[in-house]
Amino acid sequence: QQASVQNAQNFLQMDMSNLSNRQQTEVFKAQQNIQALFTDQAARESSKAICCSAVKFMLAMSEILAAF
């Protein structure tokens, strides 16, 4: 996955000197959309990790309480 991110970032840093203003605008829009997708995915992964930790904590607490 890290290689995919690096490839995308390399693509986004392409030389735009030969592009028209309209083409540059379209590339910029595409870059923003791609970055938003990466940001959304990172947020979902963080949320899953937090939920997993919370579930593990709750299970551990229930085991402790069951011991009493």
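**Exercise 1.** Taking the pair Lys29 and Glu26, determine how far apart the closest N and O atoms of this salt bridge are, and place both residues in the helix where they lie.

*Solution.* In this predicted model, the closest N and O atoms of Lys29 and Glu26 are 3.8 Å apart. A salt bridge requires a side-chain nitrogen of Lys or Arg within 4 Å of a carboxyl oxygen of Asp or Glu, and the pair Lys29 and Glu26 is accordingly listed as a salt bridge. Next, locate the partners: both belong to helix α2, which covers residues 21–67, and they are separated by three residues, about one turn of the helix. Finally, count the salt bridges over the structure, which holds one.

**Exercise 2.** Decide whether Lys29 is buried, partly exposed or exposed, and do likewise for Glu26.

*Solution.* The class between buried and exposed runs from 20% to 50% relative accessible area. Lys29 has a relative accessible area of 46% and is therefore partly exposed, and Glu26, with a value of 43%, is partly exposed as well.

**Exercise 3.** Establish how many disulfides a search of the whole structure finds, and explain the outcome for Cys51.

*Solution.* The search of the whole structure returns zero disulfides. For Cys51, the closest cysteine sulfur is that of Cys52, and because the two sulfurs are 7.4 Å apart, they are too far for a bond; the cut-off for a disulfide is 2.5 Å. Seen from the other side, Cys52 is in no disulfide, its nearest cysteine sulfur being that of Cys51. As for accessibility, Cys51 is partly exposed at 47% relative accessible area, while Cys52 is partly exposed at 46%.

Technical notes. Residues numbered from 1 in each chain as written. Predicted model: local features only at pLDDT ≥ 70, side-chain atom pairs only at ≥ 80, totals over all residues. Heavy atoms only, no water. Helix = DSSP H or I, 4+ residues; strand = E, 2+ residues; numbered from the N terminus. Buried < 20%, exposed > 50% of the residue type's maximum accessible area, 1.4 Å probe, protein only.
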